[in-house]
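Here is a short report for a reader new to this structure. Take a look at the model first, then read on.

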Amino acid sequence: MFRSGFIKLNKNEEPKEKTTKESKDRGVIYLGHVPHGFYENEMKNYFTQFGEVTNINIPKSKKTGRAKGYAFVEFLYPEVAKVVAETMNNYLMHKKILVAKYLPPNQVKSNTFWRCNKNKIPLTIKNRSIHRKAMERPLNPEKEKESKAALQKRIKSLQKKLKSKGIEYEVQIAV
């Protein structure tokens with residue numbers, strides 16, 4: 001059994017490194033205080049007036065799926081990104097003042113844009129909607145009878161406990 005779990009086809013051949021898009025020669029800006037409603041499509045349309053936009057990353061909350069309020073925008077040329085950072089810093093948009101900073105290539109992390117083009121709903125929100133739909137679905141008649149019988153049994157045992165402590169309380173069950 002191999003330790004790593006992978007089979008080497010040719011021992012003499014060196015493994016090839018993944019070729020990733022070099023973003024060292026591109027300009028990246030950080031946008032803070034991004035207003036609600038100013039998302040990927042709107043940003044791309046807005047920032048194309050300055051130059052070609054290659055990537056946009058708006059981090060979203062795993063819990064709610066809403067934008068966290070900041071973004072990273074990558075331009076084809078670093079000069080364009082510097083101009084955008086200068087002009088958009090302290091820019092008033094939708095009652096919020098944007099904060100724009102140019103990020104030099106050594107400050108940009110390699111995984112900044114790894115999810116930028118995926119328009120997927122976070123898994124927690126998806127699971128929540130699946131559970132909500134399951135709860136809204138009506139039960140079949142047999143299961144409904146079983147659940148009502150179990151509920152009546154629990155209520156009777158609760159009434160016995162209350163009666164033993166001197167409390168008389170009756171619960172009406174809608175049938």
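## Strand pairing

Two strands pair if DSSP finds at least two bridges between them. Strand S2 (residues 53-57) and strand S3 (residues 70-75) are joined by four bridges. The two strands run antiparallel. One bridge links Asn 55 of S2 to its partner Glu 74 in S3.

S2 is mostly covered. Five of its five residues are buried.

## The whole chain

This is a predicted model. The protein chain holds four helices and six strands. From the N terminus on, their order is β-α-β-β-α-β-β-β-α-α.

The chain has 175 residues, and 23% of them count as buried. Its accessible surface comes to about 15,000 Å². Carbon and sulfur atoms own 53% of that surface. Now take the contacts in the chain with a separation of 6 or more: 63% of them are between residues 24 or more positions apart.

## Helix H2 and its two sides

Helix H2 covers residues 78-88. Its buried residues are Pro 78, Val 80, Ala 81, Val 84, Ala 85 and Met 88. Seen down the axis of H2, these residues fall within an arc of 150°, so they line one face of the helix. On the other side of H2, Glu 79 and Glu 86 are exposed.

What do the buried residues of H2 pack against? Their partners are strand S1 (27-32), helix H1 (40-47), S3, S4 and strand S6 (99-103). S3 thus appears twice in this report: it bridges to S2, and it packs against buried residues of H2.

## Two positive phi angles

Most residues other than glycine have a negative phi. Asn 90 has a positive one, near 60°. Asn 90 follows H2. It is found in the loop between H2 and strand S4 (92-93). Is Asn 90 buried or exposed? Asn 90 counts as exposed because its relative accessibility is 58%, and the cut-off for exposed is over 50%.

Lys 95 also has a positive phi, near 65°. Lys 95 is not a glycine either. Its place is in the loop between S4 and strand S5 (96-97). With a relative accessibility of 83%, Lys 95 counts as exposed.

## A buried threonine in a loop

Thr 112 is found in the loop between S6 and helix H3 (123-136). Why does Thr 112 count as buried? Its relative accessibility is 12%, and buried means under 20%.

The side chain of Thr 112 reaches the backbone oxygen of Lys 109 at 2.9 Å. Leaving out residues up to four places away in sequence, Thr 112 touches Asn 57 and Phe 72. Asn 57 lies in S2 (residues 53-57). Phe 72 lies in S3 (residues 70-75). The loop residue Thr 112 therefore touches both strands of the antiparallel pair, given that contact means heavy atoms within 4.5 Å.

## Helix H4

How many residues does helix H4 have? H4 spans residues 141-164 and has 24 residues. From its first C-alpha to its last, H4 reaches 35 Å. That is close to the 34 Å expected at 1.5 Å a residue. Just after H4 comes Gly 166, which takes a positive phi of about 95°.

Definitions and conventions: Residues are numbered from 1 along each chain as its sequence is written. This is a predicted model: local features need pLDDT of at least 70, side-chain atom pairs count only at pLDDT 80 or more; totals for chains, interfaces and linings use all residues. Side-chain values use heavy atoms; hydrogens and water are left out. Buried means under 20% relative accessible area, exposed over 50%, partly exposed in between (1.4 Å probe, protein chains only). Accessible areas come from the Shrake-Rupley method with a 1.4 Å probe; for residues, only the protein chains shown count as cover. The arc is that of the directions from the helix axis to the C-beta atoms. The expected span of a helix is 1.5 Å times one less than its number of residues. A polar contact is a pair of N or O atoms within 3.5 Å; within protein, one must be able to donate a hydrogen and the other to accept it, and residues adjacent in sequence count only if both atoms are side-chain atoms.
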